Amino acid sequence: MKMTDRRITLLFTCITGLTILILVFIIGFIMVKGLPGLTLSFLLESPKEMGRTGGIFPAIVGTVLLTGMAVVIAAPVGVLTAVYLTEYTRDTWLPKIVRFGTESLAGIPSIIFGLFGFLFFVIYMDLGWSVLSGALTLSAMILPTIVRTSEEAIRAVPDAYREVSFALGSTRWQTVTSVVLPSAKPGIMTGVMLAVGRAIGETAAVIFTAGSSLRLPGTLLDSTRTLPVHFYILAREGISLENAYSTALVLILLILVINITAYAVMNRLANKGR
Amino acid sequence: MDQKDCYKIRIEDLNLYFATNHVLKGINLDIRKNSITALIGPSGCGKSTLLRCINRMNDVIDEVRIVGRIFLGHEDIYADDTDVTHLRKRVGMVFQRPVAFPLSIYENVASAPRVHGVSHKETLDNIVTSSLTKVGLWDEVADKLHKSALNLSLGQQQQLCVARVIASEPEVILLDEPCSALDPISTMKIEELMRQLAENYTVVIVTHSMQQAARASDCTVFMLSGEIIESGPTGEMFTSPRDSRTENYITGRFR
């Protein structure tokens, strides 16, 4: 028995090691390739010659703008949907349909969302290739993720909390805002961060809806280019592989910064006890 | 004080049905003001269900039907125009397992007055301080009011739950087996606390511990299969029970 235990432990250690190795290899590879081109001027300048030289500042702005707007639109809708599904409905046909719908939507490839966004927002709503079209499309894409994860986080809140809250005289809404959501907040935040990760790295849905303009967007109706789209074009059209790697590195660092900030904020909130 | 006014709660011919089960059968009971009344009986006898009728916590369960009346003071709490939120402000409840919200100690206590519309910072501060002082927790937590309540021991969490109930200034406090998750020392603390509370509040406790009922209550109500078998002053009940079933239960020959 003891030998088997030891062997299994060894096996698991190896497998875990492999996972970490793959991760380190990918990030390391991109760092090695991208680090030489990563200078302050690369971050702060506009691209020249289609991105062969110059920087990627507009693409950073476009990425943050698009992702930020998508989350600002999708997060409240998603969380409130989850609240409705968990707190305001019994297990009838309606929540089942909504749940089935969100599950199906979560599994749809992003390019389908891109196509939908192109046909609906860009052409039908006449928003053109724009920050707004891109953000709306991305928000539709990440909505199922937010609904699913928020729903699970809210379901994980012990019923005893609700019971106590009702016993204090709270209405259902007071219970939701003062007890259920604060308790579910870490889980909801994780879901939103997953959604941010999905949105920020999205290429297909964005290229169809926000276009690929290299200029800094002046209004929400201007076309823009995000970091993934930028390095896709740089690499695909053979403009500059070096800059493509540097752009990829910036994207990874950006995601890292966002995650660290989010968890730091969350921990501060948690330490305050709320 | 005339005879009628020394009773805080009067239960009249209360029947409760869960789907087709007749759970509480013709309950009539008067509960004295500013005293501790213990509901005892074997598991499933309906003592917790009866307790939960007093703050209408059974309302939220599907398929429960309640017939009869419960008077709190002179008001029938099952009247159509009863404001349940207000009722639950007047009748607070402490549950079997301590349920501290995953918030700070301060927020846990403040959550109760907030429900009832208190939002003024200083008022809340005062309520939190006085509630924690009344349950004897103030000295232990004064310097960590804004730390998570989940770091407290189970016993402290139960004290916190009592403080939270007191914070909404109730008239009646219901305790549903408040010590069953606690160690003996914490149990003792809660019992002392109940004794203090009885000076200002009407306390009703459900307990499966006969020793606890004997030690800590003024009146005892013995229930069996949804009926009240016997009720009276605790001393009399434990020394000279009138009904043989009561005697069997309190001497441990029943089960």
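## Overall layout

Chain A has 11 helices and two strands, and this is a predicted model. Follow the sequence of chain A and you get α-α-β-β-α-α-α-α-α-α-α-α-α, with the strands sitting after two helices and ahead of the rest.

For a feel of the dimensions, the C-alpha trace of chain A covers about 65 × 65 × 35 Å along its principal axes. Chain A runs to 274 residues, and 39% of them count as buried. As for contacts in chain A with a separation of 6 or more, 74% of them link residues 24 or more positions apart.

## A look at helix α5

Helix α5 of chain A takes in residues 110-124. What span should its 15 residues have at 1.5 Å a residue? The expected figure is 21 Å, and the end C-alpha atoms of α5 are 20 Å apart, so the two agree. There's still a bend to point out: α5(A) has a kink of about 30°, centred on A:G117.

A:G117 also turns up among the buried residues of α5(A), along with A:S110, A:F113, A:G114, A:F121 and A:V122. It helps to keep helix geometry in mind here: an α-helix has 3.6 residues a turn, so residues three or four places apart point the same way.

## Neighbours and the way out

What do the buried residues of α5(A) pack against? Their partners are α6 (131-155) and α9 (204-209), both in chain A.

Just after α5(A) comes a backbone detail worth a glance: A:D126 has a positive phi of about 60°.

Note on methods
Residues numbered from 1 in each chain as written. Chains lettered and ligands numbered in written order. Predicted model: local features only at pLDDT ≥ 70, side-chain atom pairs only at ≥ 80, totals over all residues. Helix = DSSP H or I, 4+ residues; strand = E, 2+ residues; numbered from the N terminus. Buried ≥ 20, exposed ≤ 12 C-beta atoms within 10 Å, placed from the backbone. Contact = placed C-beta atoms within 7 Å. Expected span 1.5 Å × (residues − 1). Bend = angle between axes of the 7 residues up to and from the residue.
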